Amino acid sequence: MVLRATRRFELRFISNTFVQRELKKLKRQKAQGMDELPPGLLKDCRQHIFQPLGYILNLSIRCNKVPSLWKVAKVVPIHKKGPHNNSENYRPISILPVLSKILERAVHQQLMEFLEEQQLLTKYQFGYRTNRSTNLAATLFVDNIRKEVDSGNMVGAVFIDLSKAFNTLGHSTLLAKLPAYGFDGNELLWFTDYLFGRQQYVQLGKSTSSTQPVYSGVPQGSILGPLLFNLYFNDFADRVLMANVLLYADDTVLYFAGKDVGTIEHTLTRELQEVARYLDEKELLINLKKGKTEVMLFGTAKRLSLKDRELNVKYRGIEINTTKEYYLSWLYTGQHPQVKRMLCCNRLQLLSTLRHNVTADAATKIFRSMILSTVTYSGLFKLQFTRTQLGRIKSIECRAKNIIGPQQDGKVLAPIVKTLHKQSCTIVRKCLDGQMCSNFNNYS
């Protein structure tokens, strides 16, 4: 179903109260952009600058212009892993001027409010939206798989990874889509100026490159960029006829259930033909490397044991790699469960090192925010554990209790499994009360 706005989107002027609040929320440790204005300085001077800054922000809306300095990104390469002399082992981080973020946050707030009110964003998109967390996306996906398997079906899923999706989309193509979502007149002019005329330079240590123009993509490091990508990719699900779709920004899953493997293969291959045409129109590419775009077949152990061949699904005539395990970036935060366990152990060691410098209450808060959140993240769909898994969870609990020690109020750390069960019950209750996103309406 093609989604269209029933009224125009209009940018409202920004109040001084909003500007003052955003200045107060600035984090001192945030990096400086090209303007070299420290966030801490802006935060401390907020009582003196919020009115002139509010005037500048509203002048941007009135004149449909974004200050050119605010459209220059400083790109800092952060090493991920592997040899330091290989550029592919670095992640580019784009840093925009702090004041540009305040303007973007004001526009983002108004635009998101309009899109949600008009119900213009597809229900299959969970990325960068309120009440649509990665936990809910993972829960919905895994639960749908379970339902089909319990009904005697097998489920074939294609996990699609797009190459540099945020960097490659065309500005003109994006702007051509905006009128359908209520953009017209001055608002369309403002977003046109926001996208065009952008520049970036690279800073490594004390060395900086020359400034170069940016001709495509949503602005990296921006607040509006992810939302604009959602609008750009919003009609993807309309091109898929038979399979189910689940999106988290550019991370995409197509899945189809059936009793016959041949039918699953044929359906997914046919859907990918239409996906290929759609991506050509949107100037996007699929990354077919192993570990990126892959196919997986779900079913009972008995059904899978009877299958005598790999799942054969093709994209543009190229067979997609089949896998028996796939860890979605939005489902496991890009980490294999074993890696997550090691991360928790390392953080427990750090907590042990600094424990004598903090109170038991502070140590408990550190445990809950840095360790417990990692263990329970995307764990709503897995409430049954093997003996080995339970043993590992118990070892984390016991070690944490030994490190933190007794608390002044006599409270003890809640068991991790109990925390997961509580989260699950909260989700069920919200479903029954109709407080969840539309994907869970009448959910059973």
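**Reading helices, burial and bends**

Tutor: Let's start with one residue: Cys 425 is exposed, with a relative accessible area of 52%. Keep in mind that this is a predicted model.

Student: Why does Cys 425 count as exposed?

Tutor: A residue counts as exposed when its relative accessible area is over 50%, and as buried when it is under 20%. Cys 425 has 52%, so it falls in the exposed class.

Student: Which helix holds Cys 425?

Tutor: Look in α16, the helix that covers residues 416–432. You can also try judging a separation: Cys 425 and Phe 367 are 58 residues apart along the chain, and their C-alpha atoms are separated by 23 Å.

Student: Is Phe 367 buried or exposed?

Tutor: Phe 367 is buried, and it belongs to α14. Other buried residues of that helix include Ala 360, Ala 363, Thr 364, Ile 371 and Leu 372. Here is a general idea to go with such a list: an α-helix has 3.6 residues a turn, so residues three or four places apart point the same way.

Student: Where is the kink in α14 centred?

Tutor: On Arg 368, and the kink is about 35°. The helix itself runs over residues 360–376.

Student: Now, how do I read two helices that pack together?

Tutor: Two packed helices are described by the angle between their axes and the distance between the axes. Take α4 (residues 98–118) and α9 (residues 224–232): their axes come within 10 Å and cross at roughly 30°. That makes α4 roughly parallel to α9, and the crossing is left-handed.

Student: Which residues of α4 and α9 meet?

Tutor: On the α4 side they are Glu 104, Val 107, His 108, Leu 111, Met 112 and Leu 115, while α9 brings Leu 224, Leu 227 and Leu 231. Sorted by class, this contact has seven nonpolar residues, one polar and one charged.

Student: At what angle do α8 and α9 cross?

Tutor: At roughly 115°, with axes that come within 13 Å. That makes α8 roughly perpendicular to α9. Here, too, the crossing is left-handed. Trp 190, Phe 191, Tyr 194 and Leu 195 of α8 make the contact with Leu 224, Gly 225 and Leu 228 of α9. By class, you will find six nonpolar residues, one polar and no charged ones.

Student: How many of the residues of α9 are buried?

Tutor: Nine of the nine, so α9 is largely enclosed by the rest of the structure. Among them are Pro 226, Phe 229, Asn 230 and Tyr 232.

Student: Which helices do the buried residues of α9 pack against?

Tutor: You have already met α4 and α8; the others named are α6 (165–168), α7 (171–177) and α10 (261–281).

Student: One last topic, please: backbone angles. What is the phi of Glu 36?

Tutor: About 60°, a positive value, although Glu 36 is not a glycine. You will find Glu 36 in the loop between α1 (16–25) and α2 (39–44), and it is exposed, with a relative accessible area of 59%.

Student: And where is Gln 119?

Tutor: Gln 119 sits in the loop between α4 and α5 (134–150). Its phi is near 55°, again positive in a residue other than glycine. At 62% relative accessibility, Gln 119 counts as exposed.

Conventions: Residues numbered from 1 in each chain as written. Predicted model: local features only at pLDDT ≥ 70, side-chain atom pairs only at ≥ 80, totals over all residues. Heavy atoms only, no water. Axes fitted to C-alpha atoms, helices over the stretch in contact; angles between N-to-C directions. Helix = DSSP H or I, 4+ residues; strand = E, 2+ residues; numbered from the N terminus. Parallel < 35°, antiparallel > 145°, perpendicular 65-115°, else oblique. Left-handed = near helix turned anticlockwise from the far one by under 90°. Contact = heavy atoms within 4.5 Å. Nonpolar A, V, L, I, M, F, W, Y, C, P; charged D, E, K, R; others polar. Bend = angle between axes of the 7 residues up to and from the residue. Buried < 20%, exposed > 50% of the residue type's maximum accessible area, 1.4 Å probe, protein only.
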